[in-house]
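Reader: I would like to go through this model and ask what lies behind the labels put on it. Please give the reasoning each time.

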Amino acid sequence: MPSADAVVVGAGLAGLSATLALAEAGARVHLLAKGHASTHWASGGLDVAALPRAVTVREAVARLADDARHPYAILSDALPPALEWIRGMLQHEGLPYVGTIDGPVVPVPTSIGATRPAAILPAAQAAALRPWEPGERLVVCGPGGFKDYWPHAIARGLRRAGAWWGSAGPERVDPLVVELPGVRDRLNLDAIELARLFEEPGWRWDAFAAIRRALIIGGLDGPGRMALPAVLGLDDHAAVLAEATSELPLEPFEVPLMPPSVPGLRLYRALRAAIVRAGGRVQIGQAVVRIGVRDGRVVEVAMEAAARQFVVRTDMLIMATGGIAGGGLVGHPDGTLREPLLDLPVEAPPAMSWLAREPLAAGGHPLEAAGIRSDAELRPVDASGRPAGPAGVRICGSLLAGQRYLRERCGDGVAVASGWLAAGAHRPSAPRRDAPQSLAGEVAG
Amino acid sequence: MGERMLTPDVLVIGGGATGAGLLRDLARRGLRCLLVDRSDFGTGTSGRYHGLLHSGGRYVSKDPSAARECIVENQVLRRIAAGCIEDTGGIFVATPDDPDDYVDAFPGACAAAGIDCDEIPVTETLRREPALSPAIRRAFRVPDAALEPWQLIEANLADARAHGADAWPYQRVVAIQRDGRRISGVTVRDERSGASTRVVPRMIASAAGAWAGQVAALAGVELMMSPGKGTMIVYNQRMTDTVVNRCHPPGDGDIMVPVHTVAILGTTEELVEDPDDDETSSDEVQALINEGEALFPALRRMRVLRAYTGVRPLYRDPAVQGPEASDDGRAISRSHIILDHEARDGVEGLISIVGGKLTTYRLMAEQAANAVCAKLGMSEPCTTAGEPLPGMGDSRAHWLGHRLAEHEDRGGGDADLICECEMVTRAMLERFLDRRGPCSIDDIRRGTRLGMGPCQGGFCTFRAAAIMAERAPDGHTDRAAPGGSASDPEGALSTFLNERSKGTRAVAWGRQLQELWMVTGIYVGVMGLEGSSSEHGGEATEDHGAVS
């Protein structure tokens, strides 16, 4: 039976961060997950925090951390070094990120023609972060025959009053649909297919030439930038991005699309590559079905496998199983929300008030804040702050109660900081402090 | 000032199946007619039923005359509206809990009503529909089918238009004027622009169904409807390709209808005061599933996409005593009745058609048209049973794969497929938009089925919004349909998603809750769709949130 210093369950940003931090520290670590996570449909940016009337990320984080029930109340100290660390890792894997937690949160265009607040983005989206100078134009440019990027509708949305929150946006926004070689007639065309096309040097040479021609014919010159769908290569992204930047007369930036998210895939792949390089193991495709517990401690983790269970012996379990979207929390018809692996106590509003009447109303659904409460070292606790579940368990990411990651845009920051912190607490060199002890006072602050 | 005035022969109020059928019938008899609906066509009871074309089997023991009407109209619709029908066939199955006397009498009762009914061996039934409970004891085959309501309504309206009639959506009747006993005019308000129109018809035919009492009240006529609320739930798969009924006296959760790519479990029954009471509770949903498990034991493990309610236009004749007068909605007849308000209430120029069911819409329309013609001193015969609806002359029934086959025949690429679940192509969408002009995404949904499949619009809605925006000329602000418009795709998206989420509230658990979270995550997190994104960093300059 294989054994590991730690098992991480869940392949989202929290699980990947925890696994990478452990592997880097020399631990034998095994990541198990039933499938891919939110990286595959998210924007690929790092959403750390954004709140109305908070100018910087740091300011938003501080405001969230003021609420003792928010994960940032525990994580805000770990957050800056954790972000620094993961960005270093990503840079090393050829996926640099731009922006800082002290820079302003700014509106960046989305593929429905709205804007979303952002501050830390991959290099391919970085040009969207810079303030718009007077006289600068934005050309929204996409391939004809691609149904997940509609330049006319996007441009129309971005011209609307209020789209740029009252701050200075581009002086004008123009749509540009360009016919790229062979795209319109393909039978199956999604973002990944397009990204693969861009990895063919000859094809992309022709594609950039076609875009240049269309810009000239459309009279769309002058200072400005262009918004392209986020399909500039997958594995060979750095080369495609460099060539796009040098070949196109307007500075390009990528706009994230409906799933599958190419920028999110790049993020996932970069972290996975770093984990493997550091000696960690990643096993995705089957669900973890059982956590073995003996004498109140985790002893093994069992994953479904063909005709048997695959069991890893370990006394450290990092649960990064996700919130409701990821399946780490499961809603039941009887109105309960449960954590399926260890049946940890879940903090949730009563069933009658799970959902808001309008999902897009400010504040979102009351159920969004549901999750597992933890102590300062990310051990699960119950409603009264007493340890819950077996010893040897840490929880992180969107499983943590008290965050509304969609509205506060804090999901990636919580994931990275909690993954990093959970791993730190489990490093072989770190003192073990798994004996039950109440930190409720500390948590409640 | 500026108020339009129209003088049709007949004003039809209500754009459900009955109203549309009535408009067609009257227009074909040579009358100049106008139909108005307060909302889009087919948004009331017609668009919110379980999708069943009754064989009549459900009514054979309690209401044999309704059963006979059903089978006759069933056969008529197969001739004139084949394109809206999927000939699934139907079965009545007896579970161990169903009363022997009812089951034993069932085939005879069908025969008496003129319904073809064969008993088929249980083993064969289970081979054809393996998701059915293996505990079933007997099974009877009847000619049930699935009927798509919006296409049916559109086809009726198209034929009416071809015969000179007009039909207006989003036009609410706000006042009915009387000159003594005689109705002298009607004021209709455009729900989008607020403009009003005065209509002075020779006759009004109210086909407002469950809302008929409200229309009658405007004319000073008391008409007590007993709206019967029924809840249905939509599954993300067809666990059966045949309509499955339980062979027992009609109750909750005893029918499953395969409809296009999904299946619908019906129905509950509750009398309500207000026909606009469309709240679905999770208790109702749980009760439905509990009952439905007798037919399909694995039901609880299947994913529910949404729950919705429809309101039956039940009418209790005040003169009738006995069980009909009870509070049990199922005791009220499903038959229809035409109320002549001149004879009944002394008000000239108004009839109402109440009761009934979608399967008999054409018959109801025929009888209502007869009543209208009699009032107007005309004797033209009805021709709606003989003439196929436009575009349905080839009498080929719809089948599940037909959209895919058509798409492949044309050699269409993936880029043309806007809604993958329901196989809605860009050309279908554009044709609908050409016909309808400015409209909401919800209108598109009813017109094309876009967003009605397993993803419930998560991946196709924004494409539809984008295509609408592409078609609208730059800088153009169109007359908005309630629920967003081409000039505001983001507003249209918000409204649509809020509306879809309403249907999820009562079924928010398991996979469907997960799906709701993912879709919300994509639209809010990645796409920046918010009630007021302008809140960030500055003052709110515009409210592009939901239209309430």
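Author: One definition is needed at the start: axes are lines fitted to C-alpha atoms, for helices over the stretch in contact, and angles run from 0 to 180 degrees between N-to-C directions. The model itself is predicted.

Reader: What makes helix H1 of chain A lie across strands, and what angle does it take to S2(A)?
Author: Helix H1 (residues 13–24) of chain A lies across S1, strand S2 (29–33) and S15 of chain A. H1 runs at about 165 degrees to S2(A). Angles run from 0 to 180 degrees between N-to-C directions, so a value of about 165 degrees is toward the upper end of that range.

Reader: How do you know that strand S1 and strand S15 of chain A pair?
Author: Pairing takes at least two bridges. Strand S1 (residues 6–9) and strand S15 (residues 317–319) of chain A have three, in the parallel sense, so the two strands count as paired. In one of the bridges, A:Val9 has A:Met319 in S15(A) as its partner.

Reader: Which sheet holds these strands, and why are S11 and S20 of chain A called edge strands?
Author: The sheet is open, has five strands in the order S11-S2-S1-S15-S20 (chain A), and its pairing is parallel. Strand S11 (281–284) and strand S20 (393–395) of chain A each pair on one side only, and they are the edge strands. From one strand to the next the twist averages 20 degrees.

Reader: What makes the pairing of strand S12 and strand S13 of chain B antiparallel, and how many bridges join them?
Author: Four bridges join strand S12 (residues 182–190) to strand S13 (residues 196–199) of chain B, and the two run antiparallel. At least two bridges are required, so four are enough for a pair. B:Val186 has B:Val199 in S13(B) as its bridge partner. The open sheet with the order S1-S13-S12-S11 (chain B) has four strands and mixed pairing. Its edge strands are strand S1 (4–6) and strand S11 (171–179) of chain B.

Reader: Why is A:Ile291 called buried?
Author: Buried means under 20% relative accessible area. A:Ile291 has 10% relative accessibility, so A:Ile291 counts as buried. The residue lies in strand S12 (residues 288–294) of chain A. Beyond residues up to four places away in sequence, A:Ile291 touches A:Val298, A:Glu300, A:Val301, A:Leu317, A:Leu341 and A:Leu342.

Reader: Is B:Ser55, which lies in a loop, buried or exposed?
Author: B:Ser55 has a relative accessible area of 0%, so this residue is buried. The loop runs between strand S4 (52–53) and helix H2 (64–80) of chain B. Not counting residues up to four places away in sequence, B:Ser55 touches residues including B:Ala67, B:Cys70, B:Ile71 and B:Asn74, and B:Val142, B:Pro143 and B:Asp144 are also among them.

Reader: Why is helix H12 of chain B described as largely enclosed?
Author: Seven of the eight residues of H12 (residues 441–448) of chain B are buried, so the helix is largely enclosed by the rest of the structure. Among the buried residues of H12(B) are B:Asp442, B:Asp443, B:Arg445 and B:Arg446. Just after H12(B), B:Arg449 takes a positive phi of about 75 degrees.

Reader: What makes a set of residues a nonpolar core, and which residues have the most contacts inside the largest one?
Author: The members must be buried residues of the nonpolar kinds listed for a core, with Tyr among them, joined through side-chain atoms within 4.5 Å. The largest core has 131 residues, and A:Val48, A:Tyr72, A:Leu317 and B:Tyr523 have the most contacts inside it. Leaving aside neighbours within four places in sequence, B:Tyr523 is in contact with residues including A:Met258, B:Phe462, B:Leu493 and B:Leu497. A second, separate core has 55 residues, including A:Val106 and A:Leu129.

Reader: How do you know how far chain B can be trusted?
Author: The mean pLDDT of chain B is 88, and 90% of its residues reach 70 or more. Over residues 476–484 of chain B the pLDDT is below 50, and over residues 532–548 of chain B the pLDDT is also below 50. Where pLDDT is low, the predicted coordinates should not be read in detail.

Notes
Residues are numbered from 1 along each chain as its sequence is written. Chains are lettered from A and ligands numbered from 1 in the order in which they are written. This is a predicted model: local features need pLDDT of at least 70, side-chain atom pairs count only at pLDDT 80 or more; totals for chains, interfaces and linings use all residues. Side-chain values use heavy atoms; hydrogens and water are left out. pLDDT is the predictor's confidence in each residue, from 0 to 100. Contact means heavy atoms within 4.5 Å. Buried means under 20% relative accessible area, exposed over 50%, partly exposed in between (1.4 Å probe, protein chains only).
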